[in-house]
Each structure stands twice: as structure tokens, then as C-alpha cells.
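Please open the model in your viewer and keep the sequence alongside, so that each selection can be followed as you read.

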Amino acid sequence: MNSKKKNLVCLLALLLFTTGVHAGSRKTVYPVVFAHGLSGFDNLLGYYYFGNDYGTFVGDPCDEFLETACNGSIHSSQKALAASVTPFQSSEVRGTQLADRIQNYMTSTGATKVNIIGHSQGGIDARKAAAVLRARYGRQVVHALISVSSPHRGSPTAKYILDLGPGVTSVVNALAKLFGNAIYGSGNDGIAAAKQLVYNDYSSTDGITTGMKAFNANYNVNSSNAAYWGSIITAQDSINTNPALYLLKEGFYNIDGDGYCVDDCDNDGAAGKGDGTRGNNDDDGLVGINSQQMGDRLQYNECAICFDSITVNTSLGYVSNLNAPTSAQMTSKSSVVSQDHLDVVGVPPDTFDEEEFYASILEFIVTKGG
């Protein structure tokens, strides 16, 4: 948030405070579970994955006297959980772990349902978790399931890494295990995680069927598992991108992610194809826009003098079959949030207001009955 907007918001907050009106999101009916992406965590030495630029959890309400390290844009009674699963694994494994975390949380708090916001692979894990919880409880447990920057139809970056061959992937996998085991515990598998994020089954000789196409067939958008499904899509180009992702795009692999075809017709690791022009805001550094829509496409509306909001882009329609979106749903840049893959979870440097962004999602969930 720039200084001008901050001043305006402070003035508005002061006016609202004096009139007793809450300036931010309302409390959701059900707690909100935040599901992290690949290589993620709940909090690392006090720095939250779903945090602002200083690592403060965006789901932490300001509910203590003079508390400042909190999100003042959400209701002071908001309930939320920063869930943690194995950083590097398939979504079959991570989704079950996420369901375990949610079940334990519901048991300890008495919650009857939850909402889930998943970033990147966390949005894919959430689909598996919703199905597992439905089977365990014999009823719908997840009310709203919202993904942010999730590669529902695969990521070319995952296939690019796997295609480098054992000499490179073994090193990458060793580093993933070293990092993942240190921050979470044993069980990390960088190869399994990468194969999960490729659209097609990556290998016919490894004895298992992997990839997003098969996963989508098993864990598609399903009203039995969650009452509401929506997604937020991100893309950014040039030096506005996070430095690490900018180097990846410019030096190694730049996704061309705004073309349409059935399945992965160009064998780049993601469904759809490119339009022949890379570097035109067709990806967020790791995921193309043609991979990200699930259910409704949501639009983030920033407001300089009022509370930001989320609305539904009704013109593009609903993606109910994740393996069969329309051409417009795969190619349109309408309602794309101009941020890279990491900006939306508070990895600096950026000018993004993570606190108000997630507060606006919570307010949207309230409008959907969650």
C-alpha cells in the first residue's frame, strides 16, 4: 500500500472508529484454513507463509489490547488456521495430510465446517482434502474452496525441471529433501511433487499414474465436496516480477501460457498451448493463466479510498470440469491480478497489500454463506 493510500485508509479508519463501524471484512461463519503451496510452511521462525511483507499472518485478527502484529482488516473475532503439510510431496499425500489437520482443528474447536484458501499447490491439495473430509464425515465439510495462483492444469516449469534429467533432478530432489525435512520432518519427495504438477502422467514406467489430468478426474469441482468453488488468477511480466522469478523467466524458462487446445497439445507440461508470444503477462513466473481457473473466476477490485473487494467475473462462465475449460477461460486476461506467483503470499519485494487482499477474500466468503 503506498503512502497516499495509507493516509486515506487511516483517515477513513479514524472516521469509522469514531462512528463505531468496522472497516474491513466481517467474520466468516466457518473458520478459514490457509493451505500453503509447494515448499511452503505454516510459519518458519515466526514468519508466516500467508503473511504480509513482515511475515505477520493475514488470518491473525487484532484481538488483544494494543496488538499491532495482526491483520487489522479482518474482524477481531475471525477464526483461522495456518495449516502445514509436507513441503515437497504429491497432492495425494498432502491433501490427506491437510484433511488430517482440518479434522484435528475441528475436533479441538468444535467447528462443524471450514472454508479453505489454497495458494499454488495448496489449492490442489484442498480439492483432495475436501473429498477426504466428505468421505470421513459422510457430509460436506468444506463450504467455500478458493484457490490463488494454482496450476490446476499443470505447470511447464515442473516438466522443465524433470526434463533436465537425473543429473540435475537428483540434486534438486536432495535439496528439496534437505529443506523440507528441516522445516517439517521426513517424507519429502521433490520428484513426486514435480510429477504432480505436470498435466500428463510423466512416466509410464514408474508404476504409478501421476499428473494433474488424472488428479482432476478424481478430484474435480464437485458440489458434494464443497458448496462454493472459485479461483484468483495471477500474471505479471518484466521487472515487476519477483527477482527470483524474473531470473527464471528471462534466463531459463519463460512460460507462454495464454493459448488454447485440448489437453497438453504442445507437450510443455500444462494443458493448452501458447499464443507464440512469451512475456506478455500470460503467466506469474511459474503458472500460466490457462492453468489457473477453477469454478468461478474471481476479480480483485482495489480501492484507494474504500475497502477492496472480490466479485465474480460472470462473463467467462464456470469451470466445472477442470480438464475441459473453454477457449475463453484459458486465454482471457480479464480479471487477472497483476502480481507474480510469490507476491500474493507476502514474499517481498512488492507493493501488494496482502492483508487487505485476504480480508477481501474473507468478506467474499461471507457473501457466499461461509
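Which side chain meets that of Glu363 in a salt bridge? Select Glu363 together with Arg26: in this predicted model, their side chains meet in a salt bridge with an N to O distance of 2.7 Å. Colouring by secondary structure helps here, since Glu363 belongs to helix 10 (residues 354-367), whereas Arg26 sits in the loop between helix 1 (3-19) and strand 1. The pair thus links distant parts of the chain, 337 residues apart. If you display a surface, note that Glu363 has a relative accessibility of 18% and, because the cut-off for buried is under 20%, counts as buried, while Arg26, at 44%, counts as partly exposed.

Next, select strand 1 (residues 32-35) and strand 4, which run parallel and are joined by three bridges. Pick Val32 and then look across to Ala80, its bridge partner in strand 4. Widening the selection brings in an open sheet of seven strands, with mixed pairing and the order 4-1-5-6-7-8-9. Its edges are strand 4 (80-82) and strand 9 (309-312), each of which pairs on one side only. Turning the view along the sheet, you can follow a twist that averages 25° from one strand to the next.

Now add helix 3 (residues 121-137), which lies across strand 1, strand 5 (114-119), strand 6 (142-148) and strand 7 (226-232). Relative to strand 6, helix 3 runs at about 160°.

With helix 3 still displayed, select Asp125 and Arg94, which form a salt bridge whose closest N and O atoms are 2.7 Å apart. Arg94 lies in helix 2 (residues 91-109) and Asp125 in helix 3, so this salt bridge ties together parts that are 31 residues apart in sequence. Both Arg94 and Asp125 are buried.

For the last stop, move to helix 4 (residues 156-163) and select Lys159 and Asp163, which are four residues apart and therefore separated by about one helical turn. Between Asp163 and Lys159 there is a salt bridge, with 2.7 Å between the closest N and O atoms. Lys159 is buried, with a relative accessible area of 12%, whereas Asp163, at 43% relative accessibility, counts as partly exposed.

To continue from here, you may look for further pairs of this kind: a search of the whole structure finds eight salt bridges, including the one between Glu363 and Arg26.

Terms used:
Residues numbered from 1 in each chain as written. Predicted model: local features only at pLDDT ≥ 70, side-chain atom pairs only at ≥ 80, totals over all residues. Heavy atoms only, no water. Pairing = 2+ DSSP bridges. Helix = DSSP H or I, 4+ residues; strand = E, 2+ residues; numbered from the N terminus. Axes fitted to C-alpha atoms, helices over the stretch in contact; angles between N-to-C directions. Contact = heavy atoms within 4.5 Å. Salt bridge = Lys/Arg side-chain N within 4 Å of Asp/Glu carboxyl O. Buried < 20%, exposed > 50% of the residue type's maximum accessible area, 1.4 Å probe, protein only.
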